[in-house]
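Please open the model in your viewer and keep the selection panel at hand. The stops below go from one selection to the next, with a short account of what is there.

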Amino acid sequence: MIENMEEKGSNSHVKRQKGGMITMPFIFSNEVCEKLAVVGFNTNMISYLTTQLHMPLTKAANTLTNFGGTGSLTPLIGAFVADAYAGRFWTITIASIIYQIGMICLTISAILPQLRPPPCEGEQVCQEANKGQVAILYVSLLLAALGSGGIRPCVVAFGADQFDETDPKQATKTWKYFNWYYFVMGAAILVAVTVLVYIQDNIGWGWGLGIPTFAMFLSIIAFLIGYPLYRNLDPAGSPFTRLLQVCVAAFRKRKLTMVTDPKLLYENEELDAAISLGGKLLHTKHMNFIVPYH
């Protein structure tokens, strides 16, 4: 009995080591470098496209708009993959590697002269980037958008996963985490729009893109080093899947009469535990337009 108690005590001790504020530096490093790369480049992207690749202003603006739109849609894919299949840790890790590859390609294209058009001399007409050089740019931006789409929707939630909401001591630390998260994110954006933009304009795009690329590499290493400390929750299923299931079920049962007692409706506490408070979904009279009654 004593051995069992000691074993339980050691197990509980190991469990307490998972998560908590000790994991924050590893998570914040990933978010900081992502913000340095995205904001630092997006802020000055129009300048890079027009002065380095000699794109016309309209074409550069369209490229910037397409990249921004793609980057806004990819988080839907990243969130779905994390919730339904891979989990947040592996989604962030794989997305960071994809992002890293995109940044490396972009940095190499800014360093090697053959991957961008020659500089303008005097009053001659500037030579625009050829199809191969533009293709490298588009591939780099696409990889960056895909990587960002896996990082952005998962980092905040993954950080919150490190605290057990059922433990009163850790519940208060969740608010401290969010305060530090937004402070660190704001500081990273400030550095990106000041220091990195200054380097890009006055020192060179090789350094201006190389610094956040190297920082992203370090952040991936730091994020992986913290793996033994993380609380990794199993994927609970994507809300998009459940929403689609509700719509399909409501359509199929649209001619059925609504029951008067909610206890007669289908319930599954095991499935509901991951998406509800207290392990059980509460019935409501709201959103009646999707309730299957005649």
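Buried here means a relative accessible area under 20%, exposed means over 50%, and partly exposed covers what lies in between. The model is a predicted one, and the values quoted along the way are computed from it.

Begin by selecting E128, which sits in the loop between α4 (88–111) and α5 (131–161). Its relative accessibility is 31%, so E128 counts as partly exposed, falling between the 20% and 50% limits. Now add K59 to the selection: E128 forms a salt bridge with K59, and the closest N and O atoms are 3.1 Å apart. This pair links distant parts of the chain, since K59 belongs to helix α3 (residues 57–86) and the two residues are 69 residues apart. K59 is likewise partly exposed, because its relative accessible area is 31%.

Keep E128 displayed and select H54, whose place is in the loop between α2 and α3. With a relative accessibility of 11%, H54 falls under the 20% limit and therefore counts as buried. Which backbone oxygens should you look for around the side chain of H54? One belongs to T51 and lies 3.3 Å from a polar atom of that side chain, while the backbone oxygen of Q127 is reached by the side chain of H54 at 2.8 Å. If you then display the residues that H54 touches, leaving aside those up to four places away in sequence, you will find L49, P117, P118, P119, C120, C126, Q127 and E128. The last of these, E128, is the residue that pairs with K59 in the salt bridge of the previous stop.

Move next to helix α2 (residues 24–51) and select K35 together with E31, which both lie in this helix, four residues apart, or about one turn. Are these two residues buried or exposed? Both K35 and E31 are buried, and their side chains meet in a salt bridge with an N to O distance of 2.9 Å.

For the final stop, select D83 and R88, whose side chains meet in a salt bridge at 3.9 Å, N to O. R88 is partly exposed, because its relative accessibility is 24%. Adding D161 to the selection completes a network of salt bridges in which D83, R88 and D161 are linked.

To check the selections against the whole model, how many salt bridges does the structure hold? The total is four.

Notes: Residues are numbered from 1 along each chain as its sequence is written. This is a predicted model: local features need pLDDT of at least 70, side-chain atom pairs count only at pLDDT 80 or more; totals for chains, interfaces and linings use all residues. Side-chain values use heavy atoms; hydrogens and water are left out. Buried means under 20% relative accessible area, exposed over 50%, partly exposed in between (1.4 Å probe, protein chains only). A polar contact is a pair of N or O atoms within 3.5 Å; within protein, one must be able to donate a hydrogen and the other to accept it, and residues adjacent in sequence count only if both atoms are side-chain atoms. Contact means heavy atoms within 4.5 Å.
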